[in-house]
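Q: I'd like a close look at one part of this protein, with the neighbours explained as you go. Could you take it slowly?

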Amino acid sequence: MKSLFEEVANNAYPGRGIVIGTSPDGTKAITGYFIMGRSENSRNRVFVEEGEGIRTEAFDPAKLEDPSLIIYAPVRVRGNDTIVTNGDQTDTVYDLMAEGKTFEEALRTREFEPDAPNYTPRISGVMHVADGKFSYEMSILKSNNGNPDCCDRYTFSYDNPIAGEGRFIHTYKHDGNPLPSFEGEPTLVEMLDDIDEFTEKLWDNLNGENKVSLFVRYIDIATGEYETKIVNKNK
């Protein structure tokens, strides 16, 4: 098990990241989602609440250039499912699960982002909290070692996750040109009981120049009630 905070502190540009896990006391289902940016367009964003989820919004609308890959709803809630992704595939998962498709089936209709030469992976997660139980799935859709002719699809499922453990997946291994895609299983990381401490430590350890916004949610596994924290660099 690794420290989530050290993982991000030692990586100047993991891109966008999703962490999902269980609090050490076993009572909370936890998720965090952050975005980073290298361009002015990517950095010109904030998270705002929308219903039970969030969406990205231009901080300065006058400076918004291409909104296609940066304006979307990263988090949506459908019944007992909380969907977290790094793009508009949130809507795909939400809509197709409503039609009876599984998380994995919904994502088979999508692939990595069309932003050559990076071909940014689409990373996604879904948390299911119901009847005092918690399980989750994570996914990454990425180019085949930078070759867009093939989409590599990986889904990871975690049933009855262990207290204190989380999984962390992000779009890029590290900074570069082009940006190299994440590889391997989601990283096993330790979680914290306190949402304020978790949010503060994660935000403080993200690269100060590149970080843009952070969302954290703790869901009570017994009741389904949740608490949310949002941090935006732009204020």
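Which residues does Y33 touch, not counting residues up to four places away in sequence?

A: Sure! One thing before we start: this is a predicted model. Leaving out residues up to four places away in sequence, Y33 touches R16, G17 and I18, then F47, Y72 and P74. It also touches V84, T85 and N86, and finally S213, L214 and F215.

Is Y33 itself buried or exposed? Its relative accessibility is 0%, and buried means under 20%, so Y33 counts as buried.

Now zoom out a little. Y33 belongs to the largest nonpolar core, which has 25 residues. Together with I18 and F134, Y33 is one of the residues with the most contacts inside that core. Several strands give two or more residues to this core: β1 (17-22), β2 (28-36), β7 (122-130), β8 (133-144), β9 (147-159) and β12 (211-220). Of these, β8 gives the most, with four residues. Here's the general idea behind such a core: in soluble globular proteins, nonpolar side chains tend to be buried together. Apart from this core there's another one, made of 23 residues, and V8, Y13, V189 and L206 are among them.

Let's go back to Y33 and one of the residues it touches, F47. A pair of aromatic rings is described by the distance of the centres and the angle of the planes. For Y33 and F47, the ring centres are 5.9 Å apart and the planes are at 20°; planes under 30 degrees apart count as stacked, so this pair is stacked. The pair links distant parts of the chain, with Y33 in strand β2 and F47 in strand β3 (residues 45-50), 14 residues apart. F47 is buried too, with a relative accessible area of 3%.

That isn't the end of the ring story, as the count comes to eight aromatic pairs. Another of them is F5 with F198, which is edge-to-face: 5.9 Å centre to centre, with 70° between the planes. F5 lies in helix α1 (residues 4-9) and F198 in helix α5 (residues 195-205), so this pair ties together parts that are 193 residues apart in sequence. Both F5 and F198 are buried, and ring pairs link F5, F198 and Y218 into a cluster.

Next, have a look at β1, since G17 and I18 are on the list of residues that Y33 touches. This strand is mostly covered: six of its six residues are buried. In a regular strand the side chains alternate between the two faces of the sheet. In β1, G17, V19 and G21 are on one side and I18, I20 and T22 on the other, and both faces are covered.

So who sits beside β1? One partner is β2, the strand that holds Y33. β1 and β2 pair in the antiparallel sense over six bridges, and V19 has G32 as its bridge partner in β2. The two strands form a hairpin with five residues between them, and G26 in the turn has a positive phi of about 75°. Strand β10 (residues 165-170) also runs antiparallel to β1, joined to it by five bridges. There, G17 stands opposite H170.

Technical notes. Residues numbered from 1 in each chain as written. Predicted model: local features only at pLDDT ≥ 70, side-chain atom pairs only at ≥ 80, totals over all residues. Heavy atoms only, no water. Core = buried A, V, L, I, M, F, W, Y, C linked by side-chain atoms within 4.5 Å. Buried < 20%, exposed > 50% of the residue type's maximum accessible area, 1.4 Å probe, protein only. Contact = heavy atoms within 4.5 Å. Phe/Tyr/Trp six-rings, centres within 6.5 Å; stacked < 30°, edge-to-face > 60°. Pairing = 2+ DSSP bridges.
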